[in-house]
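Okay, thanks for squeezing me in. Let me put the structure up, and then I'll walk you through a few bits of it.

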Amino acid sequence: MAFWLIVFCLVLSCVFTESVRGEEPFRPEVGKFPPLEKAYKYRGELVFVDHPNRRGSIRVQASGMFFRNDPHPVAMLPYAEIRYHNAPADLRDIPLGTVLHVYAFLPPDPKTSAVPVLPVNNKAIDGNHNRGAGIAPAENHVLLLEDEVSHCLREGKIWKLKEIDMQNHEGMIVATCEPKSSQEAAQNSGTQIPEEKLTFDGATRIWRGKERLEVADLIAAGVWPASGKKSLAGMAVQLGITWKPTPDGIFTRFHISDIWLDEASIQHAARHQAEVHKAFIRTRWMPAFVDAVEYGKFGRATVTATLFGRMDPALYADFQKGASAMMNAAENTLKHAGGSYGPAHMASRGTILEVNTSPHPPVGSSGIQIRFETDLIIEGIRPGRVVRVRPGNWPLVDIPREEYLGDGSLNHEDRFPTPAIFPKY
């Protein structure tokens, strides 16, 4: 009896901790877009990427010694939005070391999780060895992943540079991250915004318009000192942030990878990243959820599907009523369900009958729903499942082996390759 009383008290303690912190764990329903406001938010350094399986590891920032924190595995939800330089991105586009903002949930279906399933209260557990609590949250299925500049622009924030201390083209900048709008700044006028010390060096990229500058250029122009301290008077910029090992016993100090001096430079970076992502999606096809399937005779069917969100408008513009299209089944990692002879080999072919748009879609959804008619429906196209759709004017190419599942033999090793994937010499 005493044993069960102890167990009950422990469970009650965990529930109480979560409710006090206002972080009630949320598990999304399979096949539905979860609300962003229910996500658990954390920040950390990207240290590993397995881009074909849309997963990686984040060294999560907590209260302890950052360098001691073990990399924390995370998986992208099928409809996850990834933002880099304020534009859509794939995991492969983000350099290792980039500090990212993560909005994540418990795994929708623990049985098919691509990363370890952890105790629900894991974020409240202290990591020991001076690491602090929160370095391995159970919320490891990501809805929104964004770098610093994407995060600040979405939330209407800006970095203000207060002071610089320079030696040998490297040093320290004191800065604050503040609301950009004067109205919000006025509302928070009584709130003390903490200053942050960030390092920089000769490799830090400085952007002005379409120009890429170096630290030496700002020194030559007299904007920054050749050595010593100088006030920067709250210069408003956007920053790219990474992490590097830091001397002098400082365990959590971030590093500036990029400084955008003006709006034109930010737009230039976003346009470049958008072009990278557009080319990628056009060769891999647009991912979507199947909402409904109306079956006809002899293999005919009409499929209603919602396209995933926050991609370049030019991609969505190719989904037109009356246009030809292909639809192929996909796995939750967005891998094509078959591709030995190219993704089109087993895909259902047909015509887009309708394109409907709903306002204010949730994160992960474009709000664009298509009705697609085919005369040969394939097994993987069912309600709640993930598919990929190709408008007829997109290129038809073969995709690399690691980005599709083997035909007719879908098993665990196809989803998460073992060392056997490598050639034997």
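So, a warm-up: does Arg43 count as buried or exposed? Arg43 counts as buried, because its relative accessibility is 16% and the cut-off for buried is under 20%. Keep in mind that this is a predicted model.

What does Arg43 do in there? Arg43 makes a salt bridge with Glu148, and their closest N and O atoms sit 3.8 Å apart. That pair ties together distant parts of the chain: Arg43 belongs to strand E1, Glu148 to helix H2, and 105 residues separate them. Glu148 is buried too, with a relative accessible area of 3%.

Salt bridges in general, then. The count comes to 26. Another one of them is Glu373 with Arg300, at 3.7 Å between the closest N and O atoms. This is again a link between distant parts of the chain, 73 residues apart, from strand E18 to the loop between E14 and E15. Here the partners are partly exposed: Glu373 has a relative accessible area of 29%, and Arg300 has 39%. There's also a network, where salt bridges with shared partners join Asp90, Arg92, Arg284 and Glu403.

On to the barrel. Six strands close up in the order E14-E15-E18-E17-E16-E19, with antiparallel pairing. On average, neighbouring strands in this sheet are turned by 45° against each other, ignoring direction.

Look at E19, residues 386-391. On one side E19 pairs with E16 through five bridges, and Asn328 stands opposite Arg388, while Ala325 has Pro391 as its bridge partner. E19 also pairs with E14, over four bridges, including one that matches Ala288 with Val387.

And which way do the E19 side chains point? Val386, Arg388 and Arg390 go one way, and Val387, Val389 and Pro391 go the other. That's the usual pattern, since side chains in a regular strand alternate between the two faces of the sheet. What I'd flag is that six of the six residues in E19 are buried, and that includes Arg388 and Arg390.

Last one, for the cysteine people. How many disulfides do we count? Zero. Cys152 has Cys177 as its nearest cysteine sulfur, 3.8 Å away. That is too far for a bond, because a disulfide needs the sulfurs within 2.5 Å. As for accessibility, Cys152 is buried at 0%, whereas Cys177 is partly exposed at 24%.

That's my lot, so fire away.

Note on methods: Residues are numbered from 1 along each chain as its sequence is written. This is a predicted model: local features need pLDDT of at least 70, side-chain atom pairs count only at pLDDT 80 or more; totals for chains, interfaces and linings use all residues. Side-chain values use heavy atoms; hydrogens and water are left out. Two strands pair if DSSP finds at least two bridges between them. Helices (H or I, at least four residues) and strands (E, at least two) are DSSP runs, numbered from the N terminus. Axes are lines fitted to C-alpha atoms, for helices over the stretch in contact, and angles run from 0 to 180 degrees between N-to-C directions. Buried means under 20% relative accessible area, exposed over 50%, partly exposed in between (1.4 Å probe, protein chains only). A salt bridge is a side-chain nitrogen of Lys or Arg within 4 Å of a carboxyl oxygen of Asp or Glu.
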